[in-house]
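Q: Got a minute to go through this one with me? I'd like to start somewhere odd and work round to the ligand.

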Amino acid sequence: MNAIPAYEIVPDSPEHSAAVEALYDDVFGPGRFAKTAERLREGNSAIADASLVAIDSDGLTGVVRVWPVKVGGSDGQGGGRAAFLGPIAVAERRRGNGVAFKLMERAIGVCREQGYAAVILVGDHEYYERFGFHPAGDGRFQLPGPVDQKRVLIRDLSDRAAKLKGELSVPR
Ligand SMILES: CC(C)(COP(=O)(O)OP(=O)(O)OC[C@H]1O[C@@H](n2cnc3c(N)ncnc32)[C@H](O)[C@@H]1OP(=O)(O)O)[C@@H](O)C(=O)NCCC(=O)NCCS
């Protein structure tokens, strides 16, 4: 069996920006900016240390970005902050080697260390349930655009997660 070439996971930083954008373009195509989740990234700043890249001898091979979001609103109900994860992408040449698994585990761990009550994302439950994500529940969170509510998933990181509900927005 061939040995899996080594890679390391390090915090994302501006020096990786061009390679990250190229990988996202490759994996998701130009339509990626039209996604509802993108509205929670625009004008936002990724959470340092929870946003990670994987690097091997050929360069950037994977990335996950995580964003702070405000949850709930002015009525004082369901208010709080959560981490919003995505996108995650791994270069085709490295898929199936556990790169995404390591990126996810570490990103979730950093969010917990930083005191986030939960991580929220939009994605396939079948894939993300291995990291403890479950469907948030129909209508519990509203995103700034259309979204399939079955794909809105949450991973609780503390007891405070149960109280989160309402609109997700970029913290101001
Ligand atoms: C999803 C993705 C990040 C996984 O990266 P990876 O490094 O290959 O993941 P891992 O090696 O940790 O895990 C691979 C496993 O996940 C499974 N998997 C991948 N995508 C899946 C999905 N959408 N649903 C269910 N399982 C999925 C693979 O079949 C594989 O299963 P196995 O462990 O039983 O063989 C990568 O396939 C990718 O970049 N896909 C395109 C972008 C994408 O869909 N991103 C997620 C949505 S934002």
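**Backbone, burial and the ligand site**

A: Sure. Let's start at Asp49, which sits in the loop between α1 and β2 (52-56). Keep in mind that this is a predicted model.

Q: What's the sign of phi at Asp49?

A: Positive, at about 75 degrees, although Asp49 is not a glycine.

Q: And is Asp49 buried, partly exposed or exposed?

A: Partly exposed, because its relative accessibility is 42%, and the buried class stops under 20% while exposed means over 50%.

Q: Okay, other backbone things. Is the peptide bond from Gly86 to Pro87 cis or trans?

A: That one is cis, with omega near 0 degrees.

Q: Which element is Pro87 in?

A: Pro87 belongs to strand β4. That strand spans 80-90 and supplies at least two residues of the shell around the ligand.

Q: Good, then let's do the ligand. Which residues come nearest?

A: The shell has 17 residues, and the nearest of them are Val90, Gly96, Gly98, Ala100 and Asp124.

Q: Which elements, besides β4, supply at least two shell residues each?

A: Three helices do: α1 (17-28), α2 (99-113) and α3 (125-128).

Q: How does the shell divide into nonpolar, polar and charged?

A: Ten of the residues are nonpolar, three are polar and four are charged.

Q: What backbone distances do you have to ligand oxygens, say for Val90?

A: For Val90, a backbone N or O atom is 2.9 Å from an oxygen atom of the ligand. Gly98 has a backbone N or O atom 2.7 Å from a ligand oxygen, and for Asn97 the corresponding distance is 3.3 Å.

Q: How much of the ligand does the protein bury?

A: The protein buries 62% of the 910 Å² that the ligand exposes when taken alone.

Q: And what sort of space does the ligand take up?

A: The ligand takes up the largest pocket.

Q: Back to α1 for a sec. Is Val20 buried or exposed?

A: Val20 lies in helix α1, and it counts as buried because its relative accessibility is 0%. Its C-alpha atom is 14 Å from that of Leu103, which is 83 residues away along the chain.

Q: What about Ala22, buried or partly exposed?

A: Ala22 is also in helix α1, but it is partly exposed, with a relative accessible area of 41%.

Q: How far is Ala22 from Leu60, C-alpha to C-alpha?

A: The separation is 9.8 Å, and their positions lie 38 residues apart along the chain, counted as the step from one to the other.

Q: Changing topic: where's Gly72?

A: Gly72 is in the loop between β3 (59-71) and β4. Its relative accessible area is 6%, so Gly72 is buried.

Q: How far apart are the C-alpha atoms of Gly72 and Pro30?

A: They are 31 Å apart, with the two residues 42 apart along the chain.

Q: Last one, which strand has Phe141?

A: Strand β7, residues 141-142. Phe141 is buried because its relative accessible area is 0%. The C-alpha atoms of Phe141 and Leu153 are 9.7 Å apart, and the two residues are twelve apart along the chain.

Technical notes: Residues are numbered from 1 along each chain as its sequence is written. This is a predicted model: local features need pLDDT of at least 70, side-chain atom pairs count only at pLDDT 80 or more; totals for chains, interfaces and linings use all residues. Side-chain values use heavy atoms; hydrogens and water are left out. A residue is near a molecule or strand if one of its heavy atoms lies within 4 Å of it. A polar contact is a pair of N or O atoms within 3.5 Å; within protein, one must be able to donate a hydrogen and the other to accept it, and residues adjacent in sequence count only if both atoms are side-chain atoms. Accessible areas come from the Shrake-Rupley method with a 1.4 Å probe; for residues, only the protein chains shown count as cover. On a 1 Å grid over the protein atoms alone, a cavity is a set of points where a 1.4 Å probe fits but cannot get out, and a pocket is an open set with protein on both sides within 12 Å along at least five of seven lines; lining residues have an atom within 4 Å of a point. A molecule sits in a cavity or pocket if more than half of its atoms lie within 2 Å of its grid points. Helices (H or I, at least four residues) and strands (E, at least two) are DSSP runs, numbered from the N terminus. Ala, Val, Leu, Ile, Met, Phe, Trp, Tyr, Cys and Pro count as nonpolar, Asp, Glu, Lys and Arg as charged, and the others, Gly among them, as polar. Buried means under 20% relative accessible area, exposed over 50%, partly exposed in between (1.4 Å probe, protein chains only).
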